[in-house]
Structures are given as structure tokens and as C-alpha cells.
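Trainee: Please take a close look at the pockets of this model. I would like the linings, the volumes and the setting.

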Amino acid sequence: MKTDFELKKNVLEELAWLPNIDETQIGVTVNHGVVTLTGEVNELPKKMAIEDAVKRLSGVKAVAEAITVKYSSSDKQSDIEIAKAAINALEWNASVPSEAIIVEVEDGSIYLTGELEWPYQKSFAKRTIEHLYGVKEVVNNIHLKPKPTPSNVEHLIHKAFTRSANIDAKNIKVAVNDHELTLSGTVHSIKEKDDAEIAAYNTPGINNVINQLKVDYYPMYL
């Protein structure tokens, strides 16, 4: 198990390795495996790249991210410009029924509402616009239409976990209640925790996933 000092060193080295990221602008603290990130970047993709990079590191149990996105006054886009760009991007994405999505923009933050059929559509909608210039954050409040939940849903999810090379299913527990699925137990990394949640959302009839998995780092293969 890595000490907090060793983990912080790994985080700083990983940030220094990222292209187009000035690691000197990012503050890093570690407390019992929980990494807190602070600082400021000039575009949302950089903020996302930093968070994703830290999540990939072994020994990281959780990430508390408080990085702000701040554009210069000359580069700042108006909310109307951002809204038009977001609507155009959604219309060009064949995987997303843009007519079912409402886009609202406030001070560079995009809020998505509406109702869609599938979890992947909700995910794609967010991914389609979060890289647009001028966007500070994307808040995805899109609802999913209720679908029948298979009676053997727990078995289906565990089979999906077993098929994935990135998920160790034996320490994951699944509970389903009225289209809502709860994941509990332990995983080896934040990446594995996120992958388990994505797999759970792809299950027919599941509209919400409560991810209570805890990261307990130890080698997957002994």
C-alpha cells in the first residue's frame, strides 16, 4: 500500500507528463488515499484530462476535484454562442435524439434536461458538448424513460462484469429496487469503479445507479 507521500509524488509526476497541462497551476493534497485537486485551467477538456489521469493511478481511493475553469476576457464565449454551438453539436450526433433534449446555458455552464430512451444516449449527449469552447461544466439532468426490468437482472449484470477484463466481479454486490440499482463491495481502482457503473447503466430497465463501491487497492492477480 502506498503512503500519502508516495501517492502525491505519483500524482505530480502524472500531471507533469500530461501534454498542454501546467502542473505548477494545480494544487495536490492526499489524505488516506483521497486526492484533492485545486487550481485553475483555461478550458474544460484540461480539467477533465487531469481528473481522468489521477483516477487511473493505483492507490487512489477517491478524487475531490475543485479545479475551476476560467477563460480570458478576450476568449470568453457568450451564453448564446455556447447554446448555439451545443445545439448544433447535438444535432450532428446521430446517436442522440437532439429534439428530446433541452439546452440551457448560464455563465458558461450547460444544463441538459429532457427524456431519453437509453443511458448511452444520455452519456453521449454530455460527451458531445463538454469539449466545446467556452464551456465551464456540463450538468446532465436528462431523465430516462422507465423500462421493464428483467427478473434475472442481477445475474445479467454479473455476467457483464465477468466479460469485462477491467472488472473483478467477485467482490461486487448488486441490489435492484424499482429501476434503481445499487453497487456495493470493493474494487481495485477508481477506473474499475467507473467501469462497473457504466456496465450497470447499460442494463435494460435500469434508470439510476447508486455507486457505493469502495476502492481497496491490492493486486488483482497474485
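Mentor: Here is the largest pocket, followed by the other spaces and the chain around them.

This is a predicted model, where local features need pLDDT of at least 70, side-chain atom pairs count only at pLDDT 80 or more, and totals for chains, interfaces and linings use all residues. Residues are numbered from 1 along each chain as its sequence is written, and side-chain values use heavy atoms, leaving out hydrogens and water.

Terms come next. On a 1 Å grid over the protein atoms alone, a pocket is an open set of points with protein on both sides within 12 Å along at least five of seven lines; a cavity is a set where a 1.4 Å probe fits but cannot get out; lining residues have an atom within 4 Å of a point. Points are joined across faces, edges and corners, and a volume is the space filled by probe spheres set on them.

The largest pocket has a volume of about 1,300 Å³. Its lining counts 30 residues, with K55, S123, K126, D194 and I198 nearest the centre. Two or more lining residues come from each of α2 (44–55), α4 (119–129), β6 (137–140) and α6 (190–201). Helices (H or I, at least four residues) and strands (E, at least two) are DSSP runs, numbered from the N terminus. By class, this lining has 17 charged, nine nonpolar and four polar residues. Here Asp, Glu, Lys and Arg count as charged; Ala, Val, Leu, Ile, Met, Phe, Trp, Tyr, Cys and Pro as nonpolar; the others, Gly among them, as polar.

The second largest pocket holds about 160 Å³. Among its lining residues are E51, K55, K61, K193, D194 and K214. Elements giving two or more residues are α2, β3 (62–69), α6 and β11 (214–215). α6 gives the most, with three. The classes here are six charged, five nonpolar and no polar.

One cavity reaches 30 Å³ or more. The largest cavity has about 40 Å³ of space. W118, P119, K147 and I206 are among the residues lining it. Its lining divides into four nonpolar, three polar and two charged.

Now the setting. The chain has six helices and eleven strands. Its radius of gyration, over C-alpha atoms, is 19 Å. The globule rule (2.2 Å times the number of residues to the power 0.38) gives 17 Å for 222 residues, which is close, so the chain is as compact as a globular protein of that length. The C-alpha atoms fill a box of roughly 55 × 50 × 20 Å along the principal axes.
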